[in-house]
Amino acid sequence: MYYEKIREFFREKGLKQREVAEIMGYSETMIGRYFKGINKVDAVFITLLVEKFPEIDLQYIFTDSKENDSEALNEPTEEYVKTTILNDIGEIETKLKRIKEKLVQKGLE
């Protein structure tokens, strides 16, 4: 769950709940509630989190991932790449067809 990843992020930074509360401007109790998943984080907390800790990876924090998936979060899948390339080729072919039609209309085959 995301709250476990947030808690782990601060643990890896060597910050205690009290220190996080001071940095973020929240009570220690509220940070504890966030860390335990009792309260859900809101947009204000996330905004402050990114502001105070720009190195945090929100994609990792808020994406469900299995073991070893964290390295692949930003990697496009093979299916995505194939679909994207085929779509691009289709768009190029359509544009070339339109250009050819305009050239024919102008008599510039």
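A patch is made of residues with over 30% relative accessible area and no salt bridge, and nonpolar side chains join one when they lie within 5 Å. Keep that rule in mind as you look at this predicted model. I92, L96, I99, L103 and L108 make a nonpolar surface patch of about 480 Å². Find I92 in helix α6. That helix covers residues 78–105.

Stay with helix α6, because K95 is found there too. K95 belongs to another surface patch, one of positive charge. Its partners are R98, K102 and K106. For like charges, the joining distance is within 9 Å.

Now turn to charges that do pair. Side chains of opposite charge can pair when their charged atoms come close. How many salt bridges does a search of the whole structure find? The search finds three.

Start with R11 and E8. Their side chains meet in a salt bridge, with 2.9 Å from N to O. Both residues sit in helix α1, residues 2–12. They are three residues apart, so about one helical turn separates them. E8 has a relative accessible area of 32%, so E8 is partly exposed.

R18 and E22 form another salt bridge. Here the closest N and O atoms are 3.8 Å apart. Where do these two residues lie? Both are in helix α2, four residues apart, so about one helical turn separates them. R18 is partly exposed at 43% relative accessibility. E22 counts as exposed, because its relative accessibility is 58% and exposed means over 50%.

The salt bridge between E55 and K13 links distant parts of the chain. Their closest N and O atoms are 2.8 Å apart. E55 lies in the loop between α4 and α5, whereas K13 lies in the loop between α1 and α2. In sequence the two are 42 residues apart. E55 is partly exposed at 45% relative accessibility. K13 is partly exposed as well, with a relative accessible area of 39%.

Go back to R18 for a moment. I31 is 13 residues from R18 in sequence, and their C-alpha atoms are 8.1 Å apart in space. I31 has its place in helix α3. Is I31 buried or exposed? Its relative accessible area is 0%, so I31 is buried.

Next come the aromatic rings. The count comes to nine aromatic pairs. One of them joins F9 and F10. Their ring centres are 5.2 Å apart, and the angle between the planes is 75°. That makes the pair edge-to-face, because planes over 60 degrees apart count that way. F9 is buried, and F10 is buried too.

Y26 and F45 form an aromatic pair as well. Their ring centres lie 5.5 Å apart and their planes meet at 70°, so this pair is edge-to-face. The pair links distant parts of the chain. Y26 is in the loop between α2 (17–24) and α3 (28–36), while F45 is in helix α4, residues 43–52. The two are 19 residues apart. Y26 and F45 are both buried.

Finally, return to F9 and F10. Which residues do ring pairs link into a cluster? They link F9, F10, F35 and F53.

Terms used
Residues numbered from 1 in each chain as written. Predicted model: local features only at pLDDT ≥ 70, side-chain atom pairs only at ≥ 80, totals over all residues. Heavy atoms only, no water. Areas by Shrake-Rupley, 256 points an atom, 1.4 Å probe, with all protein chains shown as cover. Salt bridge = Lys/Arg side-chain N within 4 Å of Asp/Glu carboxyl O. Lys, Arg positive; Asp, Glu negative; His and termini not counted. Charge placed at Lys NZ, Arg CZ, Asp CG, Glu CD. Phe/Tyr/Trp six-rings, centres within 6.5 Å; stacked < 30°, edge-to-face > 60°. Buried < 20%, exposed > 50% of the residue type's maximum accessible area, 1.4 Å probe, protein only.
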